Amino acid sequence: MSLGDTEAYAPFAHLRHPGRDPVRMLADARAQWHAHRGQQADLWVFGYASLIWRPDFDFSERHATLVHGWHRALAMWSRVNRGTPELPGLVFALLPGGSCQGMVFRIPRAQAEAVFDSLWAREMPSGVYDPRWLPCATPHGTVPALAFTLSRRSPSHTGELTAEQYRHIFRHARGRYGSTLDYARQTHDSLQAHGLHDRRLGALLRHAEDEPGASPSAPG
């Protein structure tokens, strides 16, 4: 890893929790990929939120798939992209338990190393996620795909939020890439466009339509 690579993550150092070195984590994940698939293998990536509607990389294949043992949750604080330190927003993470419908992308070996780097710079500047290789069904059989998960012990995990907290965040939280509400809606709409449905996300988005002072049911 070059000095330039290390410097690329420097602007996010203030967001980094102790022991979360993104450069070291990238080297570890790359070594795991090569151990799983060999030096000449294509790279598979599992997308469950913005990677579905804005992958920012070229891919040779994309398939709907289901991951077991993890579920999509709008349960990670965002203090830059979809919120601010004064008013944190929310972004999705994969949390343990349940299952998650999403999309798995195949990146050809010739582009895989560069995509790995750019994807890391996008998803891991603060080292917040725990990268894992999750089994994803494809027309070629089951493949290990890179996925970004979150521990419930992470300081970035929100824990359970109330309906009123969701309403407040949806109405007011905005960061450098736009609002939490737009992000959640784009994810919901993109899932539906691919024939995938997330009832919990749909229930959360209904909070954005509730009038202040209403008493809707808690998110399911």
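In this legend set, a residue is buried when its relative accessible area is under 20%, exposed when over 50% and partly exposed in between (1.4 Å probe, protein chains only). The structure is a predicted model, in which local features need pLDDT of at least 70 and side-chain atom pairs count only at pLDDT 80 or more, whereas totals for chains, interfaces and linings use all residues. Residues are numbered from 1 along each chain as its sequence is written, and side-chain values use heavy atoms, with hydrogens and water left out.

**View 1. The protein chain comprises 7 helices and 7 strands.** Helices (H or I, at least four residues) and strands (E, at least two) are DSSP runs numbered from the N terminus. Read from the N terminus, the order of elements is α-α-β-α-β-β-α-β-β-α-β-β-α-α. Of the 220 residues in the protein chain, 50% are buried. Contacts (heavy atoms within 4.5 Å) that join residues at least 24 apart account for 73% of those between residues at least 6 apart in sequence.

**View 2. Helix α6 covers residues 180-193.** The expected span of a helix is 1.5 Å times one less than its number of residues. For the 14 residues of α6 this gives 20 Å, and the end C-alpha atoms lie 20 Å apart, so the model agrees with the expected value. The buried residues of α6 are Thr180, Leu181, Tyr183, Ala184, Thr187, His188, Ser190 and Leu191. Helices that help to cover these buried residues include α3 (50-53), α5 (163-172) and α7 (199-206). Strands that take part in this cover include β2 (61-78), β3 (89-107) and β7 (178-179). Just after α6, glycine 195 adopts a positive phi of about 80°.

**View 3. Phenylalanine 116 and tryptophan 120 share helix α4.** Aromatic pairs are counted for rings of Phe, Tyr and Trp (its six-membered ring) with centres within 6.5 Å; planes under 30 degrees apart are stacked, over 60 edge-to-face, and the rest tilted. The count comes to 12 aromatic pairs. In the pair shown, the ring centres of phenylalanine 116 and tryptophan 120 are 5.9 Å apart and the planes meet at 35°, so the pair is tilted. Both residues belong to α4 (residues 109-123) and are separated by 4 residues, about one turn of the helix. An α-helix has 3.6 residues a turn, so residues three or four places apart point the same way. Phenylalanine 116 has a relative accessible area of 0% and is therefore buried. Tryptophan 120 likewise counts as buried, because its relative accessibility is 0%.

**View 4. Tyrosine 129 and phenylalanine 148 form a tilted ring pair.** The ring centres of tyrosine 129 and phenylalanine 148 lie 5.7 Å apart, with the planes at 55°. This pair connects distant parts of the chain, 19 residues apart: tyrosine 129 is in the loop between α4 and β4 (130-138), and phenylalanine 148 is in strand β5 (residues 141-149). Tyrosine 129 is buried because its relative accessible area is 6%. Phenylalanine 148 is also buried, with a value of 2%. Both residues belong to a cluster linked by ring pairs, which consists of Trp33, Phe116, Trp120, Tyr129, Trp133 and Phe148. The residues of View 3, Phe116 and Trp120, are thus members of the cluster.

**View 5. Histidine 71 is located in strand β2.** With a relative accessible area of 22%, histidine 71 is partly exposed. Neighbours within four places in sequence are set aside in the following list of contacts. Histidine 71 contacts Ala93, Leu94, Leu95, Pro96, Gly97, Ser99, Cys100 and Arg152. Glutamine 101 is 30 residues from histidine 71 in sequence, and the distance between their C-alpha atoms is 8.3 Å.

**View 6. Aspartate 56 has a positive phi near 65°.** This positive value occurs in a residue other than glycine. Aspartate 56 is situated in the loop between α3 and β2. Its relative accessibility is 51%, so aspartate 56 counts as exposed.
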